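Here is a friendly walk through the reasoning behind some structural labels. Each question asks how a label is earned, and each answer sets a value against its definition.

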Amino acid sequence: MFNYSFWADEAYVSGIAMQLATEKISFLNVLNAPGIMYQRLHMFMISLFFRLFGANEFVARLPSLIGYLIGIIVIFFLAKRFSNTYGGILASFIYAFSHLNLSYATQAKPYITIQAILLLIMYLLSNKKKINHLLIIFLCCVATLLHNIGVFLWIVYIIHNVLTFKKLSIKMRGLIIVA
């Protein structure tokens, strides 16, 4: 009924993660393995899950599923911040039942986790009172180590800071002129 077979890249990363979990390959050899350089943290997460829960396809996809569930929670609070509770519930349902999100949640790939991190960064940046920049920098680092595509989160963060600084600069000039 269900076909849980791996895609080629999922099988490759999971195979190396399983070898690391069973100590058939050393940590240093894993770091230099071809095809792993752009998603090292994701491979280490899968290896950790293999050590904790055993090596099978469901466990390899479990980190993505956890990222998906975190994304549902974060999108609720993000939409609630901009509208109300009903807007948060609606956004959660749309996110949860999106075909692309469901697809990523059932694959041993880090894309849905990076998406959840992006939503969390957007939630943190939408706080008008105080922005925790160290946490955002940490999340950007984690996303980049999960997959090289996480570099785009740095771009979002930098653009936000440039635009925010520009607004702050204009406000300060206005205060100086008025004073």
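A residue is called buried under 20% relative accessible area, exposed over 50%, and partly exposed in between, with a 1.4 Å probe and protein chains only as cover. This is a predicted model, in which local features need pLDDT of at least 70, side-chain atom pairs count only at pLDDT 80 or more, and totals for chains, interfaces and linings use all residues. Residues are numbered from 1 along each chain as its sequence is written, and side-chain values use heavy atoms, with hydrogens and water left out.

Q: Why is Gln39 called buried?
A: Its relative accessible area is 5%, and the cut-off for buried is under 20%, so Gln39 counts as buried. The residue sits in the loop between helix H2 (27–31) and helix H3 (40–53).

Q: What is Gln39 in contact with, leaving aside its neighbours within four places in sequence?
A: Contact means heavy atoms within 4.5 Å. By that test Gln39 touches Val13, Pro110, Leu145, Leu146 and His147.

Q: What makes Glu23 exposed?
A: Glu23 has a relative accessible area of 60%, and exposed begins over 50%, so the label fits. Glu23 belongs to the loop between helix H1 (8–21) and H2.

Q: What is notable about the phi of Glu23?
A: That phi is positive, about 60°, although Glu23 is not a glycine. For background, most residues other than glycine have a negative phi.

Q: How do you know whether Asn101 is buried or exposed?
A: Its relative accessibility is 6%; with buried set at under 20%, Asn101 therefore counts as buried. Asn101 is part of helix H6 (residues 99–105). Beyond its neighbours within four places in sequence, its contacts are Tyr68, Tyr95, Ile112 and Gln115. Asn101 and Tyr68 are 33 residues apart in sequence, and their C-alpha atoms are 7.5 Å apart.

Q: Why is Leu69 called partly exposed?
A: At 45% relative accessible area, Leu69 falls between the 20% and 50% limits, so partly exposed is the right term. Leu69 lies in helix H4 (residues 57–82). From C-alpha to C-alpha, Leu69 and Ala105 are 8.8 Å apart in space, with their positions 36 residues apart in sequence.

Q: What makes Val74 buried?
A: Val74 has 9% relative accessibility, and buried means under 20%, so Val74 meets the definition. Val74 is also found in helix H4. Leaving aside neighbours within four places in sequence, Val74 is in contact with Leu119, Leu120 and Tyr123. The C-alpha atoms of Val74 and Val13 are separated by 28 Å, the two residues being 61 apart along the chain.

Q: How many helices and strands does the protein chain have?
A: There are nine helices and zero strands. Helices are DSSP runs of H or I with at least four residues, strands are E runs of at least two, and both are numbered from the N terminus.

Q: Why is the protein chain called more spread out than a compact globule?
A: The radius of gyration is taken over C-alpha atoms, and the globule rule is 2.2 Å times the number of residues to the power 0.38. For 179 residues the rule gives 16 Å, and the protein chain has 20 Å, well over that value, so it is more spread out than a compact globule. Along the principal axes, its C-alpha atoms fill a box of roughly 70 × 40 × 25 Å.

Q: Where is confidence lowest and highest in the protein chain?
A: pLDDT is the predictor's confidence in each residue, from 0 to 100. Helix H9 (residues 151–178) is lowest, at a mean of 74, and helix H5 (residues 85–96) is highest, at 96. The mean for the protein chain is 86, and 91% of its residues reach 70 or more.
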